[in-house]
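Please look through the structure below from the whole chain down to single contacts. The paragraphs after it follow that order.

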Amino acid sequence: MISKEQFQTEIDLIIANAIREDVGDGDHSSLACIPDSATGKAKLLVKDNGVIAGIEFAKQVFAYVDKNMKVETLITDGSRVKYGDIAFFVEGSSQSILKAERLVLNAMQRMSAIATKTRKFVDLLEGTGTKILDTRKTTPGIRAIEKWAVKIGGGENHRFALYDMIMLKDNHIDFAGGVTKAIEQTKQYLKDTNRDLKIIVEARNLEEIKEILDCGGVYRILIDNFNYEDTRKAVKLIGNQCLTESSGGINEKTLRHYAECGVDYISSGALTHSVYNMDLSLKAV
């Protein structure tokens with residue numbers, strides 16, 4: 001994953017672009033009927049059950065819109081919530097609260113959905129030693145907050161993007177002319193460009209796993225679309241030579257079965273691409 005500083009830059013860009021998109025040259029609904037001097041208070045009302053996420057993001061949004069707004073946090077990110085809970089109060093300029101409202105809700109609803117699903121997967125893996133990973137199957141433009149939500153839910157982040165890790169998948173291998181060529185060319189590229197990036201290689205069968213191991217220098221092998229029996233064989237074959245990761249259509253019914261095969265990680269795009277937003281509202285008090 002990228003550095004904390006780089007991650008914060010991504011968050012800053014999301015907030016700035018979202019406010020630009022939503023506010024434009026002004027929130028004319030508020031400007032038309034609410035005096036500049038008016039102040040107010042609102043509560044973040046939970047209208048669903050699950051794991052709350054995005055409270056710290058919301059604080060950053062409020063601060064970006066108006067540094068004078070004050071937030072009183074009642075529930076922290078990662079907490080289980082139920083219908084009727086109040087996550088926080090925000091107080092300050094009424095116009096500022098309304099200007100920030102939609103971004104706060106849109107982000108928190110999606111982040112909470114992702115955190116809730118991630119926590120369910122983490123609970124299913126309890127006692128196995130296997131960790132759940134997200135993927136790059138995220139919503140364009142808001143990857144940072146979706147990966148943040150996975151962490152809040154108890155999961156782990158895979159690479160952030162194409163630039164912070166090498167991941168040789170089936171198309172890379174085929175275009176390069178095979179597993180060995182892809183790995184050797186990658187090692188040479190990293191040497192030539194003086195880059196220190198971890199290498200993950202996808203394997204489609206046990207023969208490719210043997211070939212990857214013969215090459216050496218690989219951080220993790222992606223055991224992709226294997227059945228349980230072949231996954232167990234792959235884990236035994238790899239041993240302690242590198243880390244292992246299962247992927248490929250793994251769902252809530254099959255998750256634990258793959259974990260029990262002994263893999264270190266399971267990656268799931270469903271954490272971020274197949275969720276239903278948590279119902280949240282920002283209500284004036």
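The chain has 11 helices and 12 strands. Both are DSSP runs numbered from the N terminus, with helices being H or I runs of at least four residues and strands E runs of at least two. This is a predicted model, in which local features need pLDDT of at least 70 and side-chain atom pairs count only at pLDDT 80 or more, while totals for chains, interfaces and linings use all residues. Residues are numbered from 1 along each chain as its sequence is written, and side-chain values use heavy atoms, with hydrogens and water left out.

Taken along the principal axes, the C-alpha atoms of the chain fill a box of roughly 70 × 40 × 25 Å. Of the 285 residues, 49% are buried, meaning under 20% relative accessible area with a 1.4 Å probe and protein chains only. A contact means heavy atoms within 4.5 Å. Among contacts between residues at least 6 apart in sequence, 70% join residues at least 24 apart.

In soluble globular proteins, nonpolar side chains tend to be buried together. A nonpolar core is a set of buried Ala, Val, Leu, Ile, Met, Phe, Trp, Tyr and Cys residues joined through side-chain atoms within 4.5 Å. The largest such core here has 82 residues, and F57, F88 and I221 touch the most other members. Helix α4 (residues 94-124) gives this core its largest share, 12 residues. Leaving aside residues up to four places away in sequence, F57 touches I11, I14, I15, L103, A107, M111, I145 and W148.

Which residues of α1 meet α4? They are I15, A18, I19, D22 and V23, and their partners in α4 are K99, R102 and L103. This contact divides into five nonpolar, no polar and three charged residues; Ala, Val, Leu, Ile, Met, Phe, Trp, Tyr, Cys and Pro count as nonpolar, Asp, Glu, Lys and Arg as charged, and the others, Gly among them, as polar. The axes of helix α1 (residues 4-23) and α4 come within 10 Å and cross at roughly 115°. Axes are lines fitted to C-alpha atoms, for helices over the stretch in contact, and angles run from 0 to 180 degrees between N-to-C directions.

A second helix pair is α8 (residues 206-215) and α9 (residues 228-238), whose axes come within 10 Å and cross at roughly 15°. The two helices are therefore roughly parallel to each other, a term for angles under 35 degrees. In α8, L206, I209, K210 and L213 meet D230, K233, A234, L237 and I238 of α9. The residues of this contact divide into six nonpolar, no polar and three charged.

Note on methods: Buried means under 20% relative accessible area, exposed over 50%, partly exposed in between (1.4 Å probe, protein chains only). Angles under 35 degrees count as roughly parallel, over 145 as roughly antiparallel, 65 to 115 as roughly perpendicular and the rest as oblique.
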